[in-house]
Amino acid sequence: MSEDLNLIAAQIKPGNQFFEAFAENAEVVFWAAELDTYQLVYVSPYAEQVLDLPLEAWLRPLFWQNNLYEGDLDRVLAVFATAVSSKETQHVEYRMRQSDGNSIWIRDRVCVTTIEKNQYICGMMTNVTAFKMAVNYHTETPGYTSIFLEIVTLLSGNLELKKKLGRLARRLCG
């Protein structure tokens, strides 16, 4: 997994048409930050849709401290520190605040990579709010939990299915 992220992050160079096209169309936020401060230096265009914030807001100092759900901040920064010290990919789920104050769930894969002799901590964020809502709904419904979770786990790599599950979760959960 770390090799995949390193390959992606290594492509973050102006003019790389493959990466630019992929980053612009994927419903994923790719990000890169300084190792010591976690100050973001790059975020892909989809970031604007995730928190309803302009890209410039993501690049401001203390972005993580200002936008992570307070109860998750220390744990997430500890995972970032582990990724930096171990040089191994870390997986973490956390909540972030959107511009309207609502919280969303993020699943992030974080690693350290080298781009033109500079090291960065990089990540690949996915909004998993709909999945979390659906799981929470079904864990309260006797008899459906295990089969629902098994089906979702088997099929969660399918983007079209993720969209359908999101719509279903919104219908079921309000």
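User: Taking a salt bridge as a side-chain nitrogen of Lys or Arg within 4 Å of a carboxyl oxygen of Asp or Glu, which side chain of opposite charge is nearest to Asp-108?

Analyst: Arg-109, 7.9 Å away, so Asp-108 has no salt bridge even though it's buried. Buried means under 20% relative accessible area, exposed over 50%, and partly exposed in between, using a 1.4 Å probe and protein chains only. Lys and Arg count as positive, Asp and Glu as negative; His and chain ends aren't counted.

Analyst: This is a predicted model, where local features need pLDDT of at least 70 and side-chain atom pairs pLDDT 80 or more, while totals for chains, interfaces and linings use all residues. Numbering starts from 1 along each chain as its sequence is written, and side-chain values use heavy atoms, leaving out hydrogens and water.

User: What lies 3.1 Å from a polar side-chain atom of Asp-108?

Analyst: The backbone nitrogen of Met-124. Beyond four places in sequence, Asp-108 also touches residues including Trp-31, Gln-90, His-91 and Tyr-94 (contact: heavy atoms within 4.5 Å).

User: Which residues touch the most other members of the largest nonpolar core?

Analyst: Trp-31, Trp-58, Trp-64, Met-96 and Ile-121, out of 33 residues. Such a core is a set of buried Ala, Val, Leu, Ile, Met, Phe, Trp, Tyr and Cys joined through side-chain atoms within 4.5 Å. Trp-31 is in contact with Trp-64 and Ile-121, among others.

User: New topic: which way does phi go at Asp-52, positive or negative?

Analyst: Positive, about 60 degrees, and Asp-52 isn't a glycine. Most residues other than glycine have a negative phi. Asp-52 counts as exposed because its relative accessibility is 54%. Lys-87 also has a positive phi, near 60 degrees, and is partly exposed at 43%.

Notes. Polar contact = N/O pair within 3.5 Å; in protein donor to acceptor, adjacent residues only side chain to side chain.
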